[in-house]
Each structure stands twice: as structure tokens, then as C-alpha cells.
Amino acid sequence: MNAWFLSAAGAAALICAIHVVAGGREAVRPLLASTEINRSAKYTHYYCWHLVTITIAALAAAFAYASRSGASSDLAVLATSMSFLFALLNVIQIAIFRLPMKEFGQWILFLGLGLLGIAGLLT
């Protein structure tokens, strides 16, 4: 059993829960309530929000599978890479649009997830 990957799986599950609860309240409800966004854009964004939910849940599943004794680390490499890329994308978005890091702190969650993945890969 790889405890680092298991920890990464738990962290990804927690990130997914935060995404669903806080994201639902802070992003989805205002999005769906908006009358200023056309239907196509509104429901495309809503669809993308669900894609993110599925992706984060898949990260948790990939790390959980990789944590098993004798399991290949290929899924953990993918999940770790994706975690770092998600963190990087968020930081780039913050820089380009001059957003407050405190308000757009998703990067730190994915950076932590990526670091757990690296620790698991190094054991």
C-alpha cells in the first residue's frame, strides 16, 4: 500500500467535495440564476462544471487505485501531472487577468495534490 497515493486519493476526494459544495453555492447558483448570459453559454459553462467534478473524482479514483500494493503507477503519473497542470493553469489565469490570489486559490489545492503524487512516485 502506498500511503502517499492513498493520501492523495483522500485529498482529491476532499477537493471534489469542496468543488461540489462551495462551487455549487458560489459559482453554479449565480450562473444558473443569471438572466444576462445566453442559454448556450450558460449551459455550456454548467456542463463544464460537471466535467470538472468528474475529472476531480477520477483523480481520486486514479490515486486510490495506484495506492494498492503491486498496482502500476501509470495512473498516479497521469493524476499527478494533471494536478500540477491544473495548479499552473490557475496561476497563469491569475497573472493574466490580475485576479486576487486569495479569491482564486484553487491552485494551492492542486499543488498540494501534485506534491502528494510526487511523494508517492518517489517511494
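## A buried threonine in helix H3

Thr80 counts as buried, with a relative accessibility of 3%. This value, like the others in this report, is computed from a predicted model. The residue is found in helix H3. Once neighbours within four places in sequence are left aside, the contacts of Thr80 are Phe63, Gly114, Gly117, Ile118 and Leu121.

## Overall architecture

The protein chain contains four helices and zero strands. Its pattern, read along the sequence, is α-α-α-α. The C-alpha trace extends over about 50 × 25 × 20 Å along the principal axes.

Of the 123 residues in the protein chain, 29% are buried. Among contacts with a separation of 6 or more, 68% join residues 24 or more positions apart. The accessible surface of the chain amounts to about 7700 Å², and carbon and sulfur atoms contribute 69% of that area.

## Helix H1 and its distant partners in sequence

Helix H1 covers residues 3-33, and Ala22 lies within this range. Ala13 is also placed in helix H1. Ala13 is partly exposed, with a relative accessible area of 41%; Ala22 counts as partly exposed as well, at 25% relative accessibility. The latter assignment holds because 25% falls between the limits of under 20% for buried and over 50% for exposed.

Two C-alpha to C-alpha distances relate these alanines to other parts of the chain. Ala13 and Ala60 are separated by 47 residues in sequence, yet their C-alpha atoms are 5.5 Å apart in space. For Ala22 and Gln106, the sequence separation is 84 residues and the corresponding distance is 12 Å. Gln106 stands at the start of helix H4, which comprises residues 106-122.

## Charged residues

The search of the whole structure yields one salt bridge. In this pair, the side chains of Arg25 and Glu26 meet with an N to O distance of 3.4 Å. The pair qualifies because 3.4 Å is within the 4 Å limit applied to salt bridges. Side chains of opposite charge can pair when their charged atoms come close.

Arg25 is partly exposed, with a relative accessible area of 42%, whereas Glu26 counts as exposed at 57%. For the protein chain as a whole, there are 7 positive and 4 negative charges, and the mean positions of the two sets are 4 Å apart.

## A nonpolar surface patch

Leu85, Leu88, Ile92, Ile96 and Phe97 make up a nonpolar patch on the surface. Together these residues present about 530 Å² of accessible area. One of them, Leu85, lies in helix H3, which spans residues 74-97. Leu85 counts as exposed, at 53% relative accessibility. By contrast, Thr80, also found in helix H3, counts as buried at 3%.

## The loop between H3 and H4

Arg98 lies in the loop between H3 and helix H4. The residue is exposed, with a relative accessible area of 77%. Its phi angle is near 50°, a positive value in a residue other than glycine. Most residues other than glycine have a negative phi.

Notes: Residues are numbered from 1 along each chain as its sequence is written. This is a predicted model: local features need pLDDT of at least 70, side-chain atom pairs count only at pLDDT 80 or more; totals for chains, interfaces and linings use all residues. Side-chain values use heavy atoms; hydrogens and water are left out. Buried means under 20% relative accessible area, exposed over 50%, partly exposed in between (1.4 Å probe, protein chains only). Patches are made of residues with over 30% relative accessible area and no salt bridge: like charges are joined within 9 Å, nonpolar side chains (Val, Leu, Ile, Met, Phe, Trp, Tyr) within 5 Å. Accessible areas come from the Shrake-Rupley method with a 1.4 Å probe; for residues, only the protein chains shown count as cover. Helices (H or I, at least four residues) and strands (E, at least two) are DSSP runs, numbered from the N terminus. Contact means heavy atoms within 4.5 Å. Lys and Arg count as positive and Asp and Glu as negative; His and the chain ends are not counted. The place of a charge is taken as NZ of Lys, CZ of Arg, CG of Asp or CD of Glu.
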